[in-house]
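Here are my comments on the structure, set out as numbered points for you to check against the coordinates. I begin with one pair of helices and then turn to other parts of the chain.

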Amino acid sequence: MKFSPEKCTIPDRRMEPFIDPAELWGFLNNTKPTKERVKEIIAKSLEKQRLTLEETAALINADNPELVEEIKEGARTLKKKVYGNRIVLFAPLYIGNHCVNNCKYCGFKASNRFAIRRKLTDEEIIRETEALEENGQKRLILVYGEHPMYSPEYIAHTVKLVYGVKKGNGEIRRVNINAAPLDIEGFRTVKNAGIGTYQIFQETYHPEMYKFYHPSGPKRDFNYRLTSLDRAQEAGLDDVGIGALFGLYDWRFEVMGLVRHTNHLEAVYNVGPHTISFPRIKDASEFNIDLKYMVNDKDFAKLVAILRLAVPYTGMILTAREAPEVRSEVMQYGVSQIDGGTKLEIGNYSSTLNEEQNLNREQFRVNDARSLSDVIEELLDKNYLPSFCTACYRHGRTGEHFMEFSVPGFIKRFCTPNAILTLAEYIMDYANPKVAEKGWKVIEDNMAELHNEKQVIEVRKRIERIKQGERDLYF
Ligand code: SAM
Ligand code: SF4
């Protein structure tokens with residue numbers, strides 16, 4: 001699957017901005033698709049080809065309810081056909097909320113005098129990680145405000161600290177990062193600490209609106225943020241995550257921005273983003289922004305389905321910002337990762353605060369406050385296969401979503417067996433009897449999806465070894 005350049009008004013060059021709002025609006029305003037054209041585009045995506053900006057705009061402009069249903073059905077089919085029924089689980093760990101910026105939508109903004117500022121001490125990071133491990137987590141994303149305190153060296157230090165925490169059979173096997181943009185040297189430093197994905201959301205891809213929401217601080221520089229993941233690539237960190245904060249500007253434009261960003265990384269570095277996130281704005285302490293661009297649930301489901309079809313080989317992340325009902329609806333359109341048991345209040349995995357204390361410590365309100373166990377139980381009830389797999393990262397196989405997508409048989413050979421083995425570990429170490437029963441049943445159901453009889457025998461042997469106490473077995 002080769003990247004096919006489109007005629008973009010701004011050519012793609014290393015570390016140079018690439019967003020032209022007039023171009024993106026041009027596609028949106030001048031693409032009026034017929035029914036046949038929409039069907040053709042969906043078919044193209046189902047043949048595992050990335051969509052162009054023009055094709056993405058066509059899906060966005062398909063308003064007829066029947067066509068929207070076809071788009072959603074296309075996304076559902078693509079997810080099933082390509083990725084199967086695995087859902088990877090993770091949790092965010094907020095390290096500190098000091099911030100020099102003033103993003104209008106965020107509870108951590110410097111001007112919020114109600115925010116209780118806190119940076120976890122090393123002992124607290126260890127305690128929080130232990131608490132997460134005791135729930136069964138294996139993959140974390142560490143989150144930081146933007147502040148000189150959170151330097152690349154400090155970020156690297158916290159990453160190593162987390163990797164070093166072992167509680168019982170628990171350990172964190174993949175640490176991802178969501179933090180401010182760094183320079184090339186900074187990205188090198190965090191890469192050397194062994195991070196998985198470095199995630200930075202552009203928030204809005206519209207430069208004028210971006211300035212409006214970011215009135216002061218280093219984050220005000222649109223282009224520095226836009227080119228941050230280029231600098232990551234220059235530093236050899238090719239595992240990057242992009243995202244837009246939906247609700248700041250017209251969602252249709254943001255979807256185009258995300259696709260344009262993907263094109264850019266592919267054109268220049270020959271590798272697209274590892275993941276795309278599509279958070280919707282939620283209430284926060286001192287939250288005071290116009291609700292005009294809020295995205296309703298219907299459009300949200302449509303936009304997730306369009307993203308799935310537009311960039312078929314990129315991981316898609318849906319967080320606990322969304323309520324359980326929205327999560328279970330949207331998941332079917334191609335989401336590959338969700339968080340479970342999420343707490344955003346700093347230090348709250350290992351201690352408990354009351355509601356009021358919480359809002360001033362968290363960045364925004366979480367709408368899915370269920371425990372990891374409850375989230376897993378619901379996934380099992382819906383026949384998803386919960387996974388804590390980190391095998392590709394640890395085998396040095398970067399770009400696993402691309403391989404899942406493009407290497408025939410990859411999912412059957414690696415992903416499904418690894419998901420089964422990590423679920424078996426979870427059941428043995430952390431599941432209550434009800435979840436355990438449902439979990440073993442889903443494991444059995446998924447055995448049928450494996451490559452061949454020889455492989456089934458090998459996976460069964462490994463499950464036995466897990467039952468005998470061995471851990472961390474993967475293909
Ligand atoms: N400080 C760094 C930055 O701004 O990139 C990284 C961490 S920031 C805490 C992580 C992300 O949270 C932001 O990029 C933004 O998209 C999202 N966020 C901020 N305020 C939010 C809100 N009120 N509702 C939902 N998401 C929000
Ligand atoms: Fe700071 Fe990030 Fe919040 Fe902006 S979004 S105020 S940079 S923590």
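**Notes on helix packing, domains and a ligand shell**

1. H11 and H12 run roughly parallel to each other, a description that follows because their axes cross at roughly 20 degrees and angles under 35 degrees are counted in that class. The two axes come within 11 Å, with H11 spanning residues 251-269 and H12 spanning residues 297-310. Please keep in mind throughout that this is a predicted model.

2. The crossing in which H11 passes H12 is right-handed. On the H11 side the contact is made by Trp251, Val255, Leu258 and Val259, while H12 contributes Asp299, Lys302, Leu303, Ile306, Leu307 and Ala310. Sorted by class, the residues of this contact between H11 and H12 comprise eight nonpolar and two charged ones, with no polar residue.

3. For H18 (residues 410-429) and H19 (residues 433-447), the axes cross at roughly 165 degrees and come within 10 Å. Angles over 145 degrees count as roughly antiparallel, and H18 and H19 are therefore placed in that class relative to each other. The handedness of the crossing between H18 and H19 is left-handed.

4. What does the contact between H18 and H19 consist of, by residue class? It divides into eleven nonpolar and three polar residues, with no charged residue. From H18 the participants are Thr416, Ile420, Leu423, Ala424, Tyr426, Ile427 and Met428, and these meet Val435, Ala436, Gly439, Trp440, Ile443, Asn446 and Met447 of H19.

5. A further pair consists of H1 (residues 21-30) and H3 (residues 53-61), whose axes lie 8 Å apart and which pack at an angle of about 50 degrees. This angle makes H1 oblique to H3, and the crossing of the two helices is right-handed. In the contact, Leu24, Phe27 and Leu28 of H1 meet Leu53, Glu54, Ala57, Ile60 and Asn61 of H3. The contact of H1 with H3 holds six nonpolar residues, one polar residue and one charged residue.

6. On the scale of the whole chain, the domain assignment gives domain 1 as residues 16-78, domain 2 as residues 85-396 and domain 3 as residues 404-467. The centres of domain 1 and domain 3, taken over C-alpha atoms, are separated by 36 Å.

7. Which residues are the closest to ligand 2? Nine residues surround this ligand, and the closest of them are Cys99, Asn101, Cys103, Cys106 and Lys219. Taken by class, the shell around ligand 2 contains four nonpolar, three polar and two charged residues.

Conventions
Residues numbered from 1 in each chain as written. Chains lettered and ligands numbered in written order. Predicted model: local features only at pLDDT ≥ 70, side-chain atom pairs only at ≥ 80, totals over all residues. Heavy atoms only, no water. Near = heavy atom within 4 Å. Nonpolar A, V, L, I, M, F, W, Y, C, P; charged D, E, K, R; others polar. Domains from an automatic or database assignment. Axes fitted to C-alpha atoms, helices over the stretch in contact; angles between N-to-C directions. Helix = DSSP H or I, 4+ residues; strand = E, 2+ residues; numbered from the N terminus. Parallel < 35°, antiparallel > 145°, perpendicular 65-115°, else oblique. Left-handed = near helix turned anticlockwise from the far one by under 90°. Contact = heavy atoms within 4.5 Å.
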